[in-house]
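Okay, thanks everyone for squeezing in. I'll put the structure up and walk you through the places I'd like us to look at together.

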Amino acid sequence: MDERTFIMVKPDGVQRRLVAEIISRFERRGYQLIGIKMLQASAQRIDTHYAELTEKPFYPGLKRYMLSGPVVAMAWKGKAAAATGRALVGATNPRQSAPGTIRGDYCIDVGRNVVHASDSVESAEREIKIWFQADELVGYADPLSDWIYEDA
Ligand code: IDP
């Protein structure tokens, strides 16, 4: 129940007014929002976030895309947050994302796939540290947890 994941509305998602929709998918599923901020990313932060991809041929385009406007960075908490976050977001290539997922409902091209979700618990913890200071994350009781979890 304490698992965390990092979700980010990418610049196209912000421009296309999908911020509330993306937040809503996680809220309605039962996850708890523990950090959120809008910012214009720096080139250095994007290089750190995508450190595993900087040698890929598509990386220059990905970096331009991620710097093309503000993003909304979020940390969410709850049972299996990382794996379920990936499932809510859908496959990397939106043309393979199932309808009903965020990417499967709102985008078409891999280079304009509106949202990021950590791919593992380890990635989530690494990414949360890249995007948030410790005092930007909030811990608070969840009075709904008995209604969301059978073993709360
Ligand atoms: P993920 O975002 O689903 O975790 P990654 O493989 O980590 O997928 O790739 C990071 C981001 O890089 C993708 O979300 C997408 O925006 C972009 N990307 C991945 N593969 C390609 C590609 O082949 N062409 C263009 N952009 C790509």
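So, Arg17: you'll find this residue in the loop between α1 and α2. Keep in mind as I go that this is a predicted model. What caught my eye is the backbone: Arg17 is not a glycine, and still its phi is positive, about 60 degrees. As a reminder, most residues other than glycine have a negative phi. And is Arg17 buried or exposed? Exposed, with a relative accessible area of 69%.

Stay in that loop for a second, since Leu18 is also between α1 and α2. Leu18 has a relative accessibility of 8%, so we call it buried; the cut-off there is under 20%. Now look across to Met1. Leu18 and Met1 are 17 residues apart along the chain, and their C-alpha atoms are separated by 27 Å.

There's another positive phi to show you, and that is Val114, at about 55 degrees, again not a glycine. Val114 is in the loop between α6 and β4. As for accessibility, Val114 comes out at 0%, so it counts as buried.

While we're on loops, please click on Gln40, in the one between β2, residues 32-39, and α3. Gln40 is partly exposed, with 44% relative accessibility. Which residue should you compare it with? Val71: the two are 31 residues apart in sequence, but C-alpha to C-alpha they are 6.2 Å apart in space.

Right, on to charges. How many salt bridges does the structure hold? Eight. The general idea is familiar: side chains of opposite charge can pair when their charged atoms come close. I'll go through three of these pairs.

Start with Lys77 and Asp2, whose side chains meet in a salt bridge at 3.8 Å, N to O. Lys77 is in strand β3, residues 71-77, and Asp2 sits in the segment before β1, so this pair ties together parts of the chain that are 75 residues apart in sequence. Asp2 itself is exposed, at 61% relative accessible area.

Next pair: Asp105 with Arg25, where the closest N and O atoms are 3.0 Å apart. This pair also links distant parts of the chain, with Asp105 in helix α6, residues 102-106, and Arg25 in helix α2, residues 19-29, 80 residues apart. The two partners differ in how covered they are: Asp105 is partly exposed, with a relative accessible area of 36%, whereas Arg25 is buried, at 14%.

And then Lys63 with Asp47, closest N and O atoms 3.1 Å apart. Here Lys63 comes from helix α4 and Asp47 from helix α3, residues 43-49, and the pair is 16 residues apart. Both count as partly exposed, Lys63 at 22% relative accessibility and Asp47 at 27%. Going back to Arg25 for a moment, which residues share a network with it? Glu21 and Asp105: salt bridges with shared partners join them with Arg25 into one network.

Now let's spin round to the pocket. The largest pocket has a volume of about 570 Å³. It is lined by 24 residues, and the ones that lie nearest its centre are Tyr50, Leu53, Leu62, Thr92 and His116. Which elements supply at least two lining residues each? Among them are α4, residues 59-66, β4, residues 115-117, and α7, residues 121-131. And if you're wondering about the chemistry of that lining, the residues divide into eight nonpolar, eight polar and eight charged.

Last stop, the surface. Leu144, Trp147 and Ile148 form a nonpolar patch there, and together they have about 380 Å² of accessible area. Ile148 belongs to helix α8, residues 145-148. With 34% relative accessibility, Ile148 counts as partly exposed.

If you want to click around afterwards, I'd go back to the two positive phi values, at Arg17 and Val114, and then to the network of Glu21, Arg25 and Asp105. Okay, over to you.

Note on methods. Residues numbered from 1 in each chain as written. Predicted model: local features only at pLDDT ≥ 70, side-chain atom pairs only at ≥ 80, totals over all residues. Heavy atoms only, no water. 1 Å grid on protein atoms, 1.4 Å probe; cavity = no way out; pocket = protein on both sides within 12 Å on 5 of 7 lines; lining within 4 Å. Points joined across faces, edges and corners; volume = space filled by probe spheres on them. Helix = DSSP H or I, 4+ residues; strand = E, 2+ residues; numbered from the N terminus. Nonpolar A, V, L, I, M, F, W, Y, C, P; charged D, E, K, R; others polar. Patch = residues over 30% accessible without salt bridge, like charges linked within 9 Å, V, L, I, M, F, W, Y side chains within 5 Å. Areas by Shrake-Rupley, 256 points an atom, 1.4 Å probe, with all protein chains shown as cover. Salt bridge = Lys/Arg side-chain N within 4 Å of Asp/Glu carboxyl O. Buried < 20%, exposed > 50% of the residue type's maximum accessible area, 1.4 Å probe, protein only.
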